[in-house]
Amino acid sequence: MTQDRPLRNVRRNFAGLDAPALVSCEEPPMGVPKDRGSALDDLGGRIDAARSAQRPKSGRAEGEIRAASIAWRMVTELVVGVFIGAAIGWGIDRLAGTLPLFLIVFGILGFAAGVKTMLRSAEEIRRKQEASSSKGAPSKHENPTP
């Protein structure tokens with residue numbers, strides 16, 4: 001049995017038996033293209049092109065998305081506060097047998113907690129915006145003119 005390509009003897013353990021197998025050193029395994037490097041480079045180029053096509057064209061769209069995200073965060077905080085307060089009130093009413101009393105009281109308390117959380121989030125966002133805008137500008141206490 002004469003072949004043109006060099007072969008190597010590989011031992012594989014199959015059910016406890018060592019059996020020699022002849023494997024070619026030159027050809028890639030089945031299903032793998034021979035020129036993998038250029039195929040991967042081509043794929044990487046197509047991925048980069050798709051990513052750049054998906055990016056917003058201007059910073060304005062990015063700012064609008066950020067503003068919408070902040071608005072949804074605040075609305076969610078308010079609604080969750082009301083629901084948690086109402087759920088606690090409903091649970092107490094079920095245990096005490098006074099159906100609307102604690103539901104209303106804790107619903108109002110949940111609303112107040114939601115508003116407080118919203119205001120805290122708004123303050124945190126305002127601080128972050130001030131910090132990012134003041135990085136390039138002089139602070140209030142510095143004299144910009146020499």
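**Note on the predicted model: salt bridges, helix contacts and surface**

1. Glutamate 130 and arginine 126 form a salt bridge in which the closest N and O atoms are 2.5 Å apart. Both residues belong to helix α3 and sit four residues apart, about one turn of the helix. Glutamate 130 is partly exposed at 42% relative accessibility, and arginine 126 is partly exposed at 35%. Elsewhere, salt bridges with shared partners join Arg73, Glu77, Glu124 and Lys128 into one network. The coordinates are those of a predicted model.

2. On the fold: the protein has three helices and two strands. Read from the N terminus, the order of elements is β-β-α-α-α. Helix α1 covers residues 36–54, helix α2 residues 59–96, and helix α3 residues 99–134.

3. The structure holds seven salt bridges. Side chains of opposite charge can pair when their charged atoms come close. Aspartate 42 and arginine 46 give one example, with 3.9 Å between the closest N and O atoms. These two residues are four apart in helix α1, so about one helical turn separates them. Aspartate 42 is partly exposed, with 46% relative accessibility, whereas arginine 46 has a relative accessible area of 53% and is exposed, because the limit for that class is over 50%.

4. Another salt bridge joins the side chains of glutamate 124 and arginine 73, at 3.8 Å from N to O. This pair links distant parts of the chain, since glutamate 124 is in helix α3 and arginine 73 in helix α2, 51 residues apart. Glutamate 124 has a relative accessible area of 32% and is partly exposed; arginine 73, at 35%, is partly exposed too.

5. What else does arginine 73 contact, leaving aside its neighbours within four places in sequence? The contacts are Ser121, Glu124 and Ile125. With serine 121 there is a polar contact between side chains, at 3.4 Å. Arginine 73 and serine 121 are 48 residues apart in sequence, and their C-alpha atoms are 8.7 Å apart.

6. Is glutamate 77, in helix α2, buried or exposed? Glutamate 77 is buried: its relative accessible area is 18%, and buried means under 20%. Beyond neighbours within four places in sequence, glutamate 77 is in contact with Gly114, Thr117, Met118 and Ser121. Ser121 is thus a contact of glutamate 77 and also of arginine 73.

7. There is one aromatic pair. The ring centres of phenylalanine 102 and phenylalanine 106 are 6.4 Å apart and the ring planes meet at 45°; the pair is therefore tilted, as that angle is neither under 30 degrees nor over 60. The two residues are four apart in helix α3, which puts about one helical turn between them. Phenylalanine 102 is partly exposed at 27% relative accessibility, and phenylalanine 106 is partly exposed at 24%.

8. A nonpolar patch on the surface is formed by Trp90, Leu99, Leu103, Ile104 and Ile108, with about 490 Å² of accessible area together. Helix α3 supplies the largest share of the patch, four residues. Leucine 99 is in that helix.

9. For the protein as a whole, 8% of the 146 residues are buried. The exposed area is about 12,400 Å², and carbon and sulfur atoms supply 62% of it. Among contacts with a separation of 6 or more, 34% are between residues 24 or more positions apart.

Key. Residues numbered from 1 in each chain as written. Predicted model: local features only at pLDDT ≥ 70, side-chain atom pairs only at ≥ 80, totals over all residues. Heavy atoms only, no water. Phe/Tyr/Trp six-rings, centres within 6.5 Å; stacked < 30°, edge-to-face > 60°. Buried < 20%, exposed > 50% of the residue type's maximum accessible area, 1.4 Å probe, protein only. Contact = heavy atoms within 4.5 Å. Areas by Shrake-Rupley, 256 points an atom, 1.4 Å probe, with all protein chains shown as cover. Patch = residues over 30% accessible without salt bridge, like charges linked within 9 Å, V, L, I, M, F, W, Y side chains within 5 Å. Salt bridge = Lys/Arg side-chain N within 4 Å of Asp/Glu carboxyl O. Polar contact = N/O pair within 3.5 Å; in protein donor to acceptor, adjacent residues only side chain to side chain.
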